[in-house]
Amino acid sequence: MAPRGFPRRAREGMREEECGRWRRAAFSGVRGKEYGMEVAMQEFSLRSANVAIDVFGIVICLILAGHHMRSLKKYRRERLWLIAMLLCNVGMMLGDLTDWLFNGVRGAAAEWIAPVGMSVFYAFSGVLLLSLAGYLLAFIQIRTKTIELLWRFALVLSLLQVLFSLLSLPFGLYFHHTPDNVYVRGPLFALSQGIPILLFAVNAAFLYLGRRRLGVRLGVFLASYIILPVAAQILQTLFYGGAYLSMANTIALLLVNISVQRELEQAAEAVERELHDLQFDIMLSQIKPHFLYNSLTVIRQLCDIDPAQAKRSLLDFSRFLRANMNSLNAKRPIPFARELEHARSYLNLEQQRFGDKLRVVYEIESDGFCLPTLTLQPLVENAVRHGIRRREEGGTVRIRSEERKDGFLVTVSDDGIGIEAARLPERSGIGIENVRRRLELQCGGALRVSSSAAGAQVCLWIPRGAEELRNGE
């Protein structure tokens, strides 16, 4: 940040007595008065222009931040980081604004506001670039040791920038103000510029590491928030007189909002449409006429021989249908316990039909997580239809859930006839692929099908916190 104040040479760090000689020379005689008035008018115009730029930037950033605060449910983490960037830029411009308004102005209030404003400006510069780092990481969604180290390095740099900015008020590290309330660079001014440069380098590294995930178009727009402020900082250092950095930050944030956020919203709408189609397809696939007829036939027979069991089966049947219909409106992952209840209703109906030939074992060690609706039941149905029913003596379906260090594992296995390697894709079927795709889109999870002579096994992997990342829970 270049020093400012009414006398230009004072802004450039000259001693106070030299500034006094400059003032006397400038305002002595007719030509000196004319020259002084010309300089004053230029200074007034410069201040007015830069104040207007800062005010414009503050208004734009507040409007954008308010817009994103109203729609935090979609892509919540990215939006939170973007809001932080917008508010940090507001903080920087408020600090810059106080400098243009009060630097060189005498009075108790002005002499307090000017240094506090500059401290705020420097402090928010570090937090802004840390928010940019968080914004980039929310996009690339990659966690490696290198990225973790870079993030910690960025966090330390940001904290140092805030610390030295605050310490500059009593100790004049980055800057201090003369008795005339004129800003002058401090002994650690170079550090105030070096820390942001290092933070820009860290963000550039994040862009490079996530280039394949971002793509060319998205990467270019995100890179604008590195290129434009760096260019502005160079200009402001070489050519003093304009609020280049404030202007560059505002333009870069506008580009990010107009281009990147619009692209994200379009992608989110496409994903939402695909999820709706997938849920509709899987719901229709679960309402099979033969299953409905067989279930109703079993319930009718139970009404004659065991009315109490018929009531329980009718309740399972109604729960099964209700869960299928509710899946159409489920836009977010649901608790595992609810999905397990749906699968249990289906298995209860099938057990009434097949009797002792169908055995079910539940090994539920953890249910404190969410997964897409109609995820577990299709896997259970697959195990019954393709594994147990084709075995004359029947078999056992086993449902297991467990918590791991970085996520949750759900396993559906059977001791049926197994799957030959050549028929594995056939056994997987459209339903399994539907589950796999929705698991990826909504939770960032994975599905794996395996088989041996002892039966088949399907594993669902749900990363810890993934459903919160995608759905803003």
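Let me start with one side chain. The charged end of Arg211 sits over the ring of Tyr208, 4.0 Å from the ring centre. There is another contact of this kind on my list: Arg344 lies over the face of Tyr362, and here the figure is 4.3 Å from the ring centre. Before I go on, please keep in mind that this is a predicted model.

Next, rings with rings. As a reminder, a pair of aromatic rings is described by the distance of the centres and the angle of the planes. How many aromatic pairs does the structure hold? The count is nine. Take Phe121 and Tyr122, which form an edge-to-face pair, with 5.6 Å from centre to centre and 80° between the planes. Why is this pair called edge-to-face? Because the angle of 80° is over 60, the cut-off for that label. Are these two residues buried or exposed? Phe121 is buried, at a relative accessible area of 5%, and Tyr122 is buried as well, at 2%.

Now compare the pair of Phe164 and Tyr174. Their centres are 6.1 Å apart and their planes make an angle of 55°, and the pair is tilted. Where do the two partners lie? Phe164 is in helix 6, residues 145-171, while Tyr174 is in the loop between helix 6 and strand 1, so the pair ties together parts that are ten residues apart in sequence. Tyr174 has a relative accessibility of 0%, so this residue counts as buried.

The two pairs I just described belong together. Phe121, Tyr122, Phe164, Tyr174, Phe175 and Tyr183 form one aromatic cluster. If you have the structure open, select those six residues and look at them as a group.

While we are at helix 6, here is another residue from it: Val156. Its relative accessibility is 45%, so Val156 counts as partly exposed. Val156 and Gly126 are 30 residues apart along the chain, and their C-alpha atoms are separated by 9.9 Å.

On to the surface. Leu228, Met247, Ile251 and Leu255 make a nonpolar surface patch of about 280 Å². Which element gives the largest share of this patch? That is helix 9, residues 244-286, with three residues. Leu255 is in helix 9, and its relative accessibility of 30% makes this residue partly exposed.

Now the charged pairs. The structure has 15 salt bridges. I will go through three of them.

In one, Arg400 pairs with Glu363, and the closest N and O atoms are 3.2 Å apart. Arg400 lies in strand 6, residues 395-404, and Glu363 in strand 4, residues 358-364, so this bridge ties together parts that are 37 residues apart in sequence. Both partners are partly exposed: Arg400 has a relative accessibility of 25%, and Glu363 has 26%.

Another joins Arg464 to Glu403, with 3.0 Å between the closest N and O atoms. Arg464 is in the loop between strand 9 and helix 15, and Glu403 is in strand 6, so here the parts tied together are 61 residues apart in sequence. Arg464 is partly exposed at 41% relative accessible area, and Glu403 is partly exposed at 45%.

The remaining example is Glu393 with Arg391, where the closest N and O atoms are 3.0 Å apart. Glu393 counts as partly exposed at 49% relative accessibility, and Arg391 counts as partly exposed at 26%.

Salt bridges can also share residues. Which residues are linked in a network of salt bridges? They are Glu363, Glu365, Arg398, Arg400, Glu402 and Arg404. You have already met two of these, Glu363 and Arg400, as the bridge between strand 4 and strand 6.

Last, the cysteines. A disulfide is a covalent bond between the sulfur atoms of two cysteines. How many disulfides are counted here? The count is zero. For two cysteines I can also give the accessibility. Cys88 is buried, at 5%, whereas Cys303 is partly exposed, at 45%.

To recap the counts: nine aromatic pairs, 15 salt bridges and zero disulfides. If you want one place to begin looking, take Arg211 over the ring of Tyr208, where I began. Then go to the aromatic cluster, which includes Phe121 and Tyr174, and after that to the salt-bridge network, which includes Arg398 and Glu402. That is what I have for today.

Note on methods
Residues are numbered from 1 along each chain as its sequence is written. This is a predicted model: local features need pLDDT of at least 70, side-chain atom pairs count only at pLDDT 80 or more; totals for chains, interfaces and linings use all residues. Side-chain values use heavy atoms; hydrogens and water are left out. A disulfide is a pair of cysteine sulfur atoms within 2.5 Å. Buried means under 20% relative accessible area, exposed over 50%, partly exposed in between (1.4 Å probe, protein chains only). Rings of Phe, Tyr and Trp (its six-membered ring) pair if their centres lie within 6.5 Å; planes under 30 degrees apart count as stacked, over 60 as edge-to-face and the rest as tilted. Helices (H or I, at least four residues) and strands (E, at least two) are DSSP runs, numbered from the N terminus. A charge sits over a ring if NZ of Lys or CZ of Arg is within 6 Å of the ring centre and within 35 degrees of the ring normal. Patches are made of residues with over 30% relative accessible area and no salt bridge: like charges are joined within 9 Å, nonpolar side chains (Val, Leu, Ile, Met, Phe, Trp, Tyr) within 5 Å. Accessible areas come from the Shrake-Rupley method with a 1.4 Å probe; for residues, only the protein chains shown count as cover. A salt bridge is a side-chain nitrogen of Lys or Arg within 4 Å of a carboxyl oxygen of Asp or Glu.
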